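Please open the model in your viewer and keep the selection panel at hand. The stops below follow one another, each beginning with something to select.

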Amino acid sequence: MNESQHRTTGPERTERSVSITFDRATKIYPGSETPALDALSLTVEAGELLCLVGPSGGGKTTALMLINRLIDLTSGDIRIGETSITDIGAIELRRKTGYAIQQTGLFPHMTVAQNIAVVPRILGWSAARIDARTDELLELVGLTPTAQWRARYPGQLSGGQQQRVGIARALAADPPLMLMDEPFGALDPITRTAVQDEFLAIHRAVGKTTVFVTHDIDEAIKMGDKIAVLRPGGLLAQLGPPEDLLAEPADDFVASFLGAERGLKRLGLYRLGDLAGEQREPLPDWPRLPAGMTAREALSCATAERADGVIVADGETPERAVPVARLLQPEVSEGAA
Ligand code: ADP
Ligand code: MG
């Protein structure tokens, strides 16, 4: 991905990164006895991708809609940077946030290009600037050649393509915040993986503070810098990096939400290239694996071959032996390679 390419036509980039702080944020819907979101306190650091997970009805969508004031807080506060959302005008707030949802919300009677241009038009951008930005975004989300996609209507696109356009539209005015509500929920597994990878690449390139709602814990483990688990009643059950949750779930609810394979999922977060190895002479006759493979995959290979470890063969550093015991405790040697 060419960094300079998609940084040329956006608006002033000074607002790029900004934190979001929930400060005892509470929502009780009218007519309801119990909170949908109960005194949520957490900070999403600037540039961080927070995955908000939990069972259906846990208050995820509520938390997201509170941020851009699609609904109002009952009590508590949410701050963007240092500023309370109640001190930011609703229009300013929408301008600051890109919002992408499962149903994509694309306007069916507008072309792809017109859909992407909705917010830039409201902001009064010139036609030339909108055009350039539209091409840039289509390329960013992997819809090339762009000319072919601009003139199509949402109904002429597959689910995955619509989702990509939805992301492009959310990014159009280069908002400092991205709010995403189960954006890939409706996609088949293969398309979903592709769009997740695409979005992660975009996130790494443009580094926007993102709140990403999903009920899929594996998606959260893959995407999140941090994960916040909500339990029914809108209570925060645990907050932390995926590694920490998988290694030490706070309670039985979080553990069961992470699933029976949480031990293996945890090993899936570490790559062989990051594990220290032993330069033995001679090297044992273990499976030779690339450095990009995860500890989880390597363990599977070792098991299949009934070997006591694997050999990391990345072609750059000398080949080294990683015993199974090391694969099982990847965090001990992280970064030591
Ligand atoms: P999630 O996105 O985690 O599935 P929601 O935030 O949509 O959860 O809902 C949390 C709780 O608030 C649920 O019990 C839901 O029924 C309730 N709720 C959501 N929207 C409304 C509404 N507009 N009016 C009343 N109750 C609502
Ligand atoms: Mg929801």
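Begin by selecting Tyr 29, which lies in the loop between β1 (20-27) and β2 (37-44), strands here being DSSP runs of E with at least two residues and helices runs of H or I with at least four, both numbered from the N terminus. This is a predicted model, in which local features need pLDDT of at least 70 and side-chain atom pairs count only at pLDDT 80 or more, while totals for chains, interfaces and linings use all residues. Residues are numbered from 1 along each chain as its sequence is written, and chains are lettered from A and ligands numbered from 1 in the order in which they are written.

Tyr 29 is partly exposed, because 13 other C-beta atoms lie within 10 Å (20 or more would make a residue buried, 12 or fewer exposed, with C-beta atoms placed from the backbone). Add Asp 72, 43 residues away along the chain, and the two C-alpha atoms are 9.5 Å apart.

Next, display ligand 1, whose surrounding residues include Tyr 29, Gly 57, Lys 60 and Thr 61, a residue being near when its C-beta atom, placed from the backbone, lies within 6 Å.

Then colour domain 1 (5-264) and domain 2 (272-333) separately, their bounds coming from an automatic or database domain assignment; their C-alpha centres lie 37 Å apart.

Finally, select the open, mixed sheet with the order β11-β12-β13, where strands pair if DSSP finds at least two bridges between them. Strands β11 (288-289) and β13 (320-323) are at its edges with a single partner strand each, so one side of each has no neighbour in the sheet. Strand β12 (residues 309-312) runs antiparallel to β13 and is joined to it by 4 bridges, and Val 310 has Val 322 in β13 as its bridge partner.
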